[in-house]
Amino acid sequence: MSTSARRRPRYVVHDGFRMPMGFPVHGFASGLAYRPLATDVFVASYPKCGTTWMQYIVYLLMNGARPLPPGRKLEEFFPHLEEVGTEGVTALAGRRLIKTHLPFEMTPFHGEARYVYVARNPFDCAVSFYHHTRGFVHHYDFADGTFDDFFECFILGEVDFGDYFDHLASWYAQRRAPNVLFVTYERMQEDIEGVIAEVAEFVGEPASSAARDPSMVAAIREEVSFGRMSRDQRRWSSARPAGMPEFVRKGIVGDWRAAFSPQQARRLRDEFVRRTGGTGPYRLWPEILADVDAYAVGAG
Ligand code: PPS
């Protein structure tokens, strides 16, 4: 298909930064100007890398493992900075819990605030991002877009919140900062209890006390399981049109195989090597890359 015949999602580009079409530009500008407090807890990630999962872990740790009150949405307690702006964050009661999809250099930074960054392998991220983009019709007008259409945008970095590789590299470079905790989605799948304990220790009180109580840890583990988070999805997301996948969709590692052609797998792998020099972030997912290599064998 020629490039011009491809369908592309619709975005708003503000100061050179691409955002979902439905995002208020004033919220974005004011969000970037936010001055964090030492007590703030940020969950930062590239889109579709496990943000909501991590947000709910932090929320539960900070709230004595009590689930969200019935009928309430996570964003009321844990807003998205670029969407609600400074006003939406300063209106929060108590210690501020803040979501962001900004790359590190654009994220309001305070040397004592806490930043939990979640990374996910680019293959599964791309597939999840595709389903997200076609499902939020009012944000992207891409309901009929194919994965092939979306893949071309993703590999060029022409999607909302910018280029996957730049984003990952920006936060990876901060991973040893004392107030940054770098976690992967894949590790959350492997060892959720270990991640809960690590996040609790990192965030401090009251989360660290909660993580010392086995009954609270068991309750949090259960509450953030895929099965439980699949229920009542209005807690995380606005409604999707009929026939579109849910927000909490598959929640697995390796779903990329369902969407990628061998050629696409090879191209994204090659781009990953090119952008990272085959070091640093490239080494985060050796098993995935071995699978990709096996899948892409012979692809041009
Ligand atoms: S967003 O819109 O950027 O905030 O999306 P984000 O929350 O970062 O990512 C959504 C993906 O995370 C999966 N998810 C989970 N996986 C496993 N367990 C739990 N509890 C869980 N909660 C959310 C969700 O299903 C999306 O991934 P995909 O691959 O699309 O299923």
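This report describes the sheet, the helix contacts, the ligand surroundings and some backbone features of the structure above. The model is predicted.

**Strands**

An open sheet is built from four strands in the order β4-β3-β5-β6, and their pairing is parallel. The edge positions are taken by β4 (97-100) and β6 (180-184), each of which has a single partner strand, so one side of each is left without a neighbour in the sheet. On average, and with direction ignored, neighbouring strands of this sheet are turned by 20 degrees against each other.

At the β6 edge, five bridges join β6 in the parallel sense to strand β5 (residues 114-119). Within this pairing, Tyr 115 has Val 180 of β6 as its bridge partner. Helix α2 (residues 51-62) lies across β3 (41-45), β4 and β5, and runs at about 165 degrees to β3.

A further pairing is antiparallel: strand β1 (residues 11-14) and strand β2 (residues 17-20) are joined by four bridges. His 14 is the bridge partner of Phe 17 in β2. The hairpin of β1 and β2 has two residues between the strands, and in this hairpin Asp 15 takes a positive phi near 50 degrees.

**Helix contacts**

Three helix pairs are set out below.

| Helix pair | Axes come within | Crossing angle |
|---|---|---|
| α1 (residues 25-32) and α4 (residues 81-90) | 6 Å | roughly 65 degrees |
| α14 (residues 262-276) and α15 (residues 286-296) | 8 Å | roughly 135 degrees |
| α5 (residues 122-135) and α14 | 10 Å | roughly 120 degrees |

The crossing of α1 and α4 is left-handed. On the α1 side the contact is made by His 26, Gly 27, Phe 28, Ser 30 and Gly 31, and on the α4 side by Leu 81, Glu 82, Glu 83, Val 84, Gly 85, Thr 86 and Glu 87. By class, these residues comprise three nonpolar, six polar and three charged.

Helix α14 takes part in two of the tabulated contacts, one with α15 and one with α5. With α15, the axes cross at roughly 135 degrees, and this makes α14 oblique to α15. The crossing of α14 and α15 is left-handed. The residues in contact are Pro 262, Ala 265, Arg 266 and Arg 269 from α14, together with Leu 289, Val 292, Tyr 295 and Ala 296 from α15. They divide into six nonpolar, no polar and two charged residues.

With α5, the axes cross at roughly 120 degrees, which makes α5 oblique to α14. The crossing of α5 and α14 is right-handed. Here Pro 122, Phe 123 and Ala 126 of α5 meet Ala 265, Leu 268 and Phe 272 of α14. The division by class is six nonpolar, no polar and no charged residues. Ala 265 of α14 is thus named in the contact with α15 and also in the contact with α5.

**Ligand surroundings**

The ligand is surrounded by 20 residues, of which the closest are Thr 51, Thr 52, Ser 128, Arg 249 and Gly 251. At least two residues of this shell are supplied by each of α2, α5 and α13 (226-230). Helix α5 gives the largest share, four residues. The shell therefore draws on α2 and α5, helices that also appear above, α2 lying across strands of the sheet and α5 meeting α14. By class, the shell around the ligand contains seven nonpolar, eight polar and five charged residues.

**Backbone features**

Most residues other than glycine have a negative phi, and most peptide bonds are trans. Two further residues are described against that background.

Lys 48, a residue other than glycine, has a positive phi, near 70 degrees. Lys 48 is found in the loop between β3 and α2. Helix α2, at one end of this loop, is the helix that lies across β3, β4 and β5.

The peptide bond from Glu 205 to Pro 206 is cis, and its omega is near 0 degrees. Pro 206 has its place in the loop between α10 (192-203) and α11 (207-211).

Key: Residues numbered from 1 in each chain as written. Predicted model: local features only at pLDDT ≥ 70, side-chain atom pairs only at ≥ 80, totals over all residues. Axes fitted to C-alpha atoms, helices over the stretch in contact; angles between N-to-C directions. Parallel < 35°, antiparallel > 145°, perpendicular 65-115°, else oblique. Left-handed = near helix turned anticlockwise from the far one by under 90°. Contact = placed C-beta atoms within 7 Å. Nonpolar A, V, L, I, M, F, W, Y, C, P; charged D, E, K, R; others polar. Pairing = 2+ DSSP bridges. Near = placed C-beta within 6 Å.
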